[in-house]
Amino acid sequence: MTNQEPTFWADQAASEIQQKSQKRTIVATGITPSGEIHIGNLREVVTADAVVRALKDQGQDVTFHYIADTFDPLRRVYPFLDETIYAEHVGKPISEIPCPCGKHESYAEHFLEPFLASMEELGMPLDVVRADRMYKEGRYVQNIIRALEHTNEIRAILKKETGKETDDQWSPFNPICNACGRMTTTQTTGFDAAQETVNYTCECGDSGEVSMRGGGKLTWRVDWPARWEILGVTVEPFGKDHASRGGSYDTGKRMVKEIFDFEAPFPVIYEWISLKGGGDMSSSKGNVLSIHEMLEVVPPEVLKYMVIKTKPNRRIVFDPGLPLLQLIDEYDDHESRNRNVRAAELAEVRGVGATGVPFRHLVSLAQTTQDDVKKVIEILERTGYPIKEPKEIEKRVQYARRWLDKFAPEDVKFTLQESTPEVAKNLSDLQKQALREIIEKLEPGLTAQDIHSRVYEVKEKLGLSPKELFEAIYLSLLGKAKGPRAGFFLASLEPEFVKKRFKEVI
């Protein structure tokens with residue numbers, strides 16, 4: 001850790017946590033894998049990881065649990081599911097529903113497995129606690145009994161904190177029907193603490209008895225505080241929805257103390273990550289970008305940096321277009337890293353520093369060379385970028401290509417034309433004169449800045465507008481009116497090639 005006062009948000013949180021308690025810190029967070037786990041979900045786990053790292057840097061003994069709520073029911077047939085297959089599974093625990101692709105143990109594992117692989121790539125291997133296994137192993141039994149024995153007290157807490165009444169038949173436990181397998185259509189009618197069983201009736205007409213060991217689960221507002229006590233959780237990041245007045249955290253604080261005899265964890269509350277033009281990401285609505293998909297176009301360090309550099313209480317609007325390209329350059333830029341040195345430090349994954357090459361240049365070179373990494377490196381070295389890690393440049397070129405294929409705006413894409421484009425023949429006499437002037441000024445060894453300056457000298461001399469001048473260059477080389485930054489683009493090409501093409505146009 002750098003020698004600095006703990007002013008960064010993660011360090012501040014770590015200091016507050018230590019002041020509250022000197023005992024072992026147990027951080028927990030999690031997600032219900034009911035659909036693709038997306039960039040919006042990334043904020044919770046990255047926030048937790050940053051706090052864990054900050055605590056460890058301050059000498060704290062920390063355990064980090066990631067809870068997969070695999071015992072939650074499927075709420076409805078989401079747009080990405082086949083209605084004919086999944087309609088009958090609505091209301092069943094997602095750990096007990098078939099995998100959509102047939103390659104995983106369950107529906108829950110289908111979405112959880114790629115997420116865990118992405119976490120490995122992000123340098124955050126997770127100690128995963130699966131909710132269905134916790135229930136089936138009997139870890140919840142004592143808290144199920146407590147909840148059932150104190151049903152009236154729990155109802156009173158819910159009414160006091162939320163203002164909502166529960167009916168006389170309400171129960172904190174949702175049994176799973178032995179006949180239809182659903183937990184959303186059952187009603188608890190009694191329980192036997194000694195036998196660890198619960199009696200129920202179901203809308204399907206069935207009635208019977210289930211074990212507290214996997215025969216059902218506590219409703220969410222009771223399950224969460226019960227889990228805190230079971231795992232000994234002392235710190236938990238969660239979204240602002242749970243932190244609202246009368247929300248899950250308010251009810252959980254009272255329940256965990258009054259029903260389960262434990263203290264509520266230190267809260268780290270975060271705002272959402274929304275998708276530019278698409279609002280808050282939601283698997284059930286289908287407006288998501290998966291973490292796996294984004295790791296194909298952006299280095300893992302940069303994805304973590306995006307989350308960590310922003311205080312949790314501030315919203316992040318994620319735009320995978322040009323702003324993503326700019327984010328990569330911000331992470332790579334030495335001065336930007338110095339301004340956000342702690343964020344970059346906490347985001348580190350592979351120990352790989354900045355490449356020293358602006359990503360926007362690599363986006364340009366990937367297109368100029370048709371992804372020929374050897375040519376990219378030759379051009380970079382020729383234009384003043386000493387390359388220490390060729391393999392890292394190769395990775396960045398691959399990222400650039402995938403970004404171009406998936407997210408780049410059309411006006412960023414180009415192809416260096418092998419022959420003179422027809423549209424270039426329509427240039428004005430003044431534009432052609434500008435190309436003559438540029439030919440005279442091009443020579444081997446010029447830097448991108450040298451070329452930029454000389455091109456502007458031509459503009460001033462002839463009285464051309466920037467649009468007219470750059471249009472002449474791009475139409476001649478690319479066959480389109482816009483292109484990459486002219487100085488670096490022309491510097492990346494052999495001067496003789498550029499001169500030959502401009503002469504052909506003239």
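In this predicted model, the buried residues of helix H19 are covered by neighbours that include helix H20 (448-462), helix H21 (466-477) and helix H23 (495-505). Which residues of H19 are buried? They are Gln431, Lys432, Ala434, Leu435, Glu437, Ile438 and Ile439. If you trace H19 itself, you will follow 13 residues, from 429 to 441. From its first C-alpha to its last, H19 reaches 19 Å, close to the 18 Å expected at 1.5 Å a residue.

Now let's turn to a pair of helices. Helix H16 (residues 359-368) packs against helix H18 (residues 390-406) at an angle of about 75°, and their axes lie 9 Å apart. Angles of 65 to 115 degrees count as roughly perpendicular, so that is how H16 and H18 stand to each other. On the H16 side, the contact is made by Phe359, Leu362, Val363, Ala366 and Gln367. H18 contributes Ile393, Arg396, Val397, Tyr399, Ala400, Arg401, Trp403 and Leu404. Sorted by character, the residues of this contact comprise 10 nonpolar, one polar and two charged.

Next, look for some strands. Three of them form an open sheet in the order E5-E6-E7, with antiparallel pairing. Strand E5 (186-192) and strand E7 (207-211) are at the edges; each has a single partner strand, so one side of each has no neighbour in the sheet. Ignoring direction, neighbouring strands here are turned by 30° against each other on average.

How many bridges join strand E6 (residues 197-202) to E7? There are five, and the two strands run antiparallel. For one pairing to find yourself, start at Asn199, whose bridge partner in E7 is Glu209.

Key
Residues numbered from 1 in each chain as written. Predicted model: local features only at pLDDT ≥ 70, side-chain atom pairs only at ≥ 80, totals over all residues. Heavy atoms only, no water. Helix = DSSP H or I, 4+ residues; strand = E, 2+ residues; numbered from the N terminus. Expected span 1.5 Å × (residues − 1). Buried < 20%, exposed > 50% of the residue type's maximum accessible area, 1.4 Å probe, protein only. Contact = heavy atoms within 4.5 Å. Axes fitted to C-alpha atoms, helices over the stretch in contact; angles between N-to-C directions. Parallel < 35°, antiparallel > 145°, perpendicular 65-115°, else oblique. Nonpolar A, V, L, I, M, F, W, Y, C, P; charged D, E, K, R; others polar. Pairing = 2+ DSSP bridges.
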